[in-house]
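Q: Could you walk me through reading a few features from the coordinates? I'd like the general idea each time, then the case at hand.

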Amino acid sequence: MAFNILGISGSLRSTSSNTSLLHACAELVPSDVNFSLYAGLDKLPYFSPELDGEGAVAADTVADLRQQLQVADAVIFSTPEYAFGMPGVLKNALDWIVSSAELMNKPVAVISASPLATGGEKAHASLVQTLRVMSAVIDEKNMLIVPLVRTKMDAAGNITDLQLENSLKEILVRLAVRAASVSQR
Ligand SMILES: Cc1cc2nc3c(=O)[nH]c(=O)nc-3n(C[C@H](O)[C@H](O)[C@H](O)COP(=O)(O)O)c2cc1C
């Protein structure tokens, strides 16, 4: 049985190191896993409960986000940190799925990567907190902080650090195993 993992990067930069980590994940997944990368973060409207309440019709972009999350057996986030928090665009996307609950009981991995030595640890902690309040399932081992990320990839975004590559591989295997155990319930 094949599993679907959806990657969501918190960065909109064309040369984002976080997006590069997720591109690497697409190459590192076990053979029975389909990996896709969500690309609609900057197309979502600003969240307002009034746009999401009874009788409201969700924008196509919101419906698309929800649909991609529904078909995903597991989700992996990789985010930068801006001013000690997660990027507003990422929080905006998460706000759209609080009520629709696509992440409820879903295995999720959380990565933060930063050129700084702190690795975006504050954004990481706040993202984990938000995802847990949405009842996502996050194993401690599927939480990865990547400090000094620019020393761990080349200019084209390929990972040059073997330890980082192995950490990603291990996370992807654990997510697939988790997804398999959820689907058997
Ligand atoms: C406005 C702004 C605020 C930032 N604040 C932080 C921060 O609080 N912590 C941090 O580790 N990096 C911070 N950075 C640096 C980002 O980590 C860096 O731009 C990183 O490469 C973004 O990730 P990306 O390569 O995936 O786009 C900030 C960058 C900008 C432009």
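Q: Let's start with charges and rings: which ring does the charged end of Lys122 sit over?
A: The idea is to look for a charged side-chain end placed above the face of an aromatic ring. Keep in mind that this is a predicted model. Here the charged end of Lys122 sits over the ring of Phe84, 4.4 Å from the ring's centre.

Q: And ring against ring: how many aromatic pairs does the count come to?
A: You check how far apart the ring centres are and how the planes are angled. The count comes to one aromatic pair. Its members are Phe47 and Trp96, with centres 4.9 Å apart and planes at 90°; since over 60 degrees counts as edge-to-face, that is what this pair is.

Q: Why does the pair tie together separate parts of the chain?
A: Look at where each ring lives. Phe47 is in the loop between β2 (33-37) and α2 (60-71), while Trp96 belongs to helix α3 (residues 88-96), so the pair links parts 49 residues apart in sequence.

Q: Is Trp96 buried or exposed?
A: Relative accessibility settles that, with under 20% as the cut-off for buried. Trp96 has 1%, so it counts as buried. Phe47, at 25%, counts as partly exposed.

Q: What about nonpolar cores, and how many residues does the largest have?
A: In soluble globular proteins, nonpolar side chains tend to be buried together. In this model the largest core has 28 residues, and among those with the most contacts inside it are Ile5, Phe35, Ile76 and Leu172. Elements giving two or more residues to it include β1 (3-9), α1 (17-28), β2 and α5 (162-183). The largest share, eight residues, comes from α5. There's also a second, separate core of 27 residues, which includes Ile8, Trp96, Leu127 and Met134.

Q: Zooming in, which residues is Phe35 in contact with?
A: Skip the neighbours within four places in sequence and see who is left. For Phe35, that leaves Ile5, Gly7, Leu22, Cys25, Ala26, Val29, Ile76 and Leu172.

Q: Now the sheet: what is the order of its strands?
A: Follow the pairings from one edge across. This open sheet of five strands runs β2-β1-β3-β4-β5, with parallel pairing. Because β2 and β5 are at the edges with a single partner strand each, one side of each has no neighbour in the sheet. The twist averages 15° from one strand to the next.

Q: Where does helix α4 pack?
A: Helix α4 (residues 121-133) packs on the sheet and touches β3, β4 and β5. The direction of α4 makes about 160° with that of β4.

Technical notes
Residues numbered from 1 in each chain as written. Predicted model: local features only at pLDDT ≥ 70, side-chain atom pairs only at ≥ 80, totals over all residues. Heavy atoms only, no water. Phe/Tyr/Trp six-rings, centres within 6.5 Å; stacked < 30°, edge-to-face > 60°. Helix = DSSP H or I, 4+ residues; strand = E, 2+ residues; numbered from the N terminus. Buried < 20%, exposed > 50% of the residue type's maximum accessible area, 1.4 Å probe, protein only. Lys NZ or Arg CZ within 6 Å of the ring centre and 35° of its normal. Core = buried A, V, L, I, M, F, W, Y, C linked by side-chain atoms within 4.5 Å. Contact = heavy atoms within 4.5 Å. Pairing = 2+ DSSP bridges. Axes fitted to C-alpha atoms, helices over the stretch in contact; angles between N-to-C directions.
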